[in-house]
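Thank you all for coming; I would like to walk you slowly through one model this morning, beginning with how far we can trust it and then moving from the helices to a few single residues. Please keep the picture in view while I talk.

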Amino acid sequence: MSQPIQSRSWLMYLAAAQSFHDETDVLMLTTNLIRKDVNSANKYESGIALEDLSCFVTPNLARDVAADIVNLLACFRSYTRKRADFV
């Protein structure tokens, strides 16, 4: 998920959305990476992270990224704002 190439990052998020579930221990390790991608200046990076976050969010992960997502609801980029609405 930390690949600098967007197409590889998208594939890793897709794999995470398909394989992560509530008891996956890896979610604790990926919280900082998800927060970094959600707050990215690249609208597509943040969009991918937001879309896949809705697939594997847990109560602990939601608590950690809630403030970041609320801030994105007032984002000037409509693409990112719409993705934050879905989460």
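What you see is a predicted model, and over the protein chain the pLDDT averages 80, with 91% of the residues scoring at least 70. That confidence is not spread evenly, since in the protein chain the lowest mean, 75, belongs to α1, while the highest, 88, belongs to α4.

Let me turn to the packing of two helices. Two packed helices are described by the angle between their axes and the distance between the axes. Here helix α3, which covers residues 43-56, packs with helix α4, residues 59-72, at an angle of about 145°, and their axes are 12 Å apart. Which residues of α3 and α4 make the contact? On the α3 side they are L50, L53 and F56, and on the α4 side they are L61, V65, I69 and L72. If we sort the residues of this contact by class, we find 7 nonpolar ones, with no polar and no charged residues. The crossing in which α3 passes α4 is left-handed.

From there it is a short step to the core. In soluble globular proteins, nonpolar side chains tend to be buried together. The largest nonpolar core in this model has 18 residues, and those with the most contacts inside it are Y13, I34, L53 and F56. The elements that give two or more residues to this core are α1, which spans 6-19, together with α2, α3 and α4. The largest share, 5 residues, comes from α3.

Now for some single residues, and I will start with two threonines. T31 lies in helix α2, residues 26-38, and it counts as buried because its relative accessibility is 10%, which falls under the 20% cut-off. Leaving out residues up to four places away in sequence, T31 touches L61 and D64. L61, you may remember, is also one of the α4 residues in the contact with α3.

The other threonine, T80, sits in helix α5, residues 78-86. Is T80 buried or exposed? T80 is buried, because its relative accessible area is 0%. Apart from its neighbours within four places in sequence, T80 is in contact with K43, S46, L50, L72 and C75. Between the C-alpha atoms of T80 and L61 there are 19 Å in space, and the two residues are 19 residues apart in sequence.

Let us go back to α3, where E51 is found. With a relative accessibility of 38%, E51 counts as partly exposed, because that value lies between the 20% and 50% cut-offs. Setting aside residues up to four places away in sequence, E51 touches Y79 and R83. Along the chain E51 and R83 are 32 residues apart, yet their C-alpha atoms are separated by 6.5 Å.

My last residue is W10, which is found in helix α1, the element where confidence in the protein chain is lowest. At 43% relative accessibility, W10 counts as partly exposed. The C-alpha atoms of W10 and I69 are separated by 19 Å, and these residues are 59 residues apart along the chain.

Key:
Residues numbered from 1 in each chain as written. Heavy atoms only, no water. Helix = DSSP H or I, 4+ residues; strand = E, 2+ residues; numbered from the N terminus. Buried < 20%, exposed > 50% of the residue type's maximum accessible area, 1.4 Å probe, protein only. Contact = heavy atoms within 4.5 Å. Axes fitted to C-alpha atoms, helices over the stretch in contact; angles between N-to-C directions. Left-handed = near helix turned anticlockwise from the far one by under 90°. Nonpolar A, V, L, I, M, F, W, Y, C, P; charged D, E, K, R; others polar. Core = buried A, V, L, I, M, F, W, Y, C linked by side-chain atoms within 4.5 Å. pLDDT = per-residue confidence, 0-100.
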